[in-house]
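Welcome, and please take a moment to turn the model around before reading on. We will walk through it together, one place at a time.

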Amino acid sequence: VQLGGEGVGLLRSEFLYMDRASAPTEDEQFAIYAAIAKVLEGRPMIIRTLDVGGDKPLSYLPLPREENPFLGMRGIRVGLDRPELLRTQLRAILRAAVDARLRVMFPMVATLEEIRAAKGMLAEERERTGIQAALEIGIMVEVPATAVMAAQFAHEVDFFSVGTNDLTQYTLAMDRGHPKLAPQADAMNPAVLRLIAQTVEGAHAEGRWVGICGGMASDPQAVPILVGLGDDELSVSVPSIPSVKAEVRARALANCQALAQQALTQDTAAGVRALHVPEAGIVDYR
Ligand code: PEP
Ligand code: MG
């Protein structure tokens, strides 16, 4: 808040579950969500439900060894497989939503069935707790299938947030932490940009909004392109807040839109990065 943040775009709730011997209780979670929301003084907060598996294992939630953990039990799949874990978290979020502007977001959603099942659980917990408080529902767009199907997902959710770390990894089939491949796994690859454009198009057609999270949102070269693609919100690392806000303010929207169209037609991430970003004032690219 002191650095100019206008809310929390991605509360990675894993921090509540890690480095401990058992899952946090509903009361513990409620207390922490409520405490964070209090500091925000009415600004919105997106709580992402537990996103473990693959890269983020938990000692008390042993997941069977998998050949391809990044293609296995991860994100929402874990919550649907262990419903009590997810239901406890949803109750805590619902309780915290009574006195705060909260949004809930499900990670790694790949199919319509998954989001419908998660929403079903939320509706049941609402009924069980009797809590009527408003709670917008969103999904992370981290799988190419979800970007391509954004128009269909838009019938199910209030908002989207593109998880650019995983979307890049799954689009290029390059492990985001791989020592040799990670440098090539650049979110500025035009394939990733086209999927973001497709997400925005599908979402806006149904009146839904799209945020961007993951490392790309804090990349000063990416920011004007994301704005130009029609992104509605940027969720950035805390130290980057002032510089990203300054970056957005320095650009004319029409320039960002022209730049984004240029970026979409590039062959490579290097080509996108080589594009010149004009400052304020309208520049004709043609
Ligand atoms: C992402 O994948 O871009 C994201 C924000 O989620 P995480 O980095 O926690 O996987
Ligand atoms: Mg992710």
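How do the residues of the lining of the largest cavity divide into nonpolar, polar and charged? Keep that question in mind while we find the place. The model you see is a predicted one. Rolling a probe the size of a water molecule over the atoms shows where empty space is left. For this model, the count comes to 1 cavity of 30 Å³ or more. The volume of the largest cavity is about 60 Å³.

To find its walls, look for Thr49, Leu50, Gly75, Ile76, Val78, Gly79, Leu85, Leu86 and Gln89, which line the largest cavity. Two helices each give at least two residues to this lining: helix H3, covering 76-81, and helix H4, covering 83-97. Now we can return to the opening question: the lining is made up of 5 nonpolar residues, 4 polar ones and no charged ones.

Let us step back and view the whole chain. The protein chain has 13 helices and 7 strands. Its radius of gyration is 19 Å, close to the 19 Å that the globule rule gives for 286 residues, so the chain is as compact as a globular protein of that length. Along its principal axes, the C-alpha trace of the protein chain spans about 60 × 45 × 35 Å.

Next comes the largest pocket, which has a volume of about 990 Å³. It is lined by 36 residues, and those closest to its centre are Glu6, Gly7, Leu234, Ser235 and Val236. Several elements each supply at least two residues of this lining: strand E1, helix H2 (26-40), strand E2 (45-48), strand E7 (233-234) and helix H11 (241-250). Which of them gives the most to the lining of the largest pocket? That is H11, with 5 residues. By class, the pocket lining holds 17 nonpolar, 10 polar and 9 charged residues.

Our last stop is ligand 1. Around ligand 1 there are 13 residues, and the closest are Arg12, Arg48, Glu142, Asn165 and Arg176. Strand E1 (8-12) and helix H8 (164-172) each bring at least two residues to this shell. Helix H8 has the largest share, 3 residues. Sorted by class, the shell has 3 nonpolar, 4 polar and 6 charged residues.

Zoom in further and you can pick out individual contacts. One pairs an oxygen atom of ligand 1 with a polar backbone atom of glycine 163, at 3.4 Å. At asparagine 165, a polar backbone atom is 2.7 Å from an oxygen atom of ligand 1. For aspartate 166, the partner is an N or O atom in the side chain, 3.0 Å from an oxygen atom of ligand 1. Is ligand 1 mostly buried or exposed within the protein? Taken alone, ligand 1 exposes 290 Å², and the protein buries 99% of that.

Note on methods:
Residues are numbered from 1 along each chain as its sequence is written. Chains are lettered from A and ligands numbered from 1 in the order in which they are written. This is a predicted model: local features need pLDDT of at least 70, side-chain atom pairs count only at pLDDT 80 or more; totals for chains, interfaces and linings use all residues. Side-chain values use heavy atoms; hydrogens and water are left out. On a 1 Å grid over the protein atoms alone, a cavity is a set of points where a 1.4 Å probe fits but cannot get out, and a pocket is an open set with protein on both sides within 12 Å along at least five of seven lines; lining residues have an atom within 4 Å of a point. Grid points are joined across faces, edges and corners, and a volume is the space filled by probe spheres set on the points. Helices (H or I, at least four residues) and strands (E, at least two) are DSSP runs, numbered from the N terminus. Ala, Val, Leu, Ile, Met, Phe, Trp, Tyr, Cys and Pro count as nonpolar, Asp, Glu, Lys and Arg as charged, and the others, Gly among them, as polar. A residue is near a molecule or strand if one of its heavy atoms lies within 4 Å of it. A polar contact is a pair of N or O atoms within 3.5 Å; within protein, one must be able to donate a hydrogen and the other to accept it, and residues adjacent in sequence count only if both atoms are side-chain atoms. Accessible areas come from the Shrake-Rupley method with a 1.4 Å probe; for residues, only the protein chains shown count as cover. The radius of gyration is taken over C-alpha atoms; the globule rule is 2.2 Å times the number of residues to the power 0.38.
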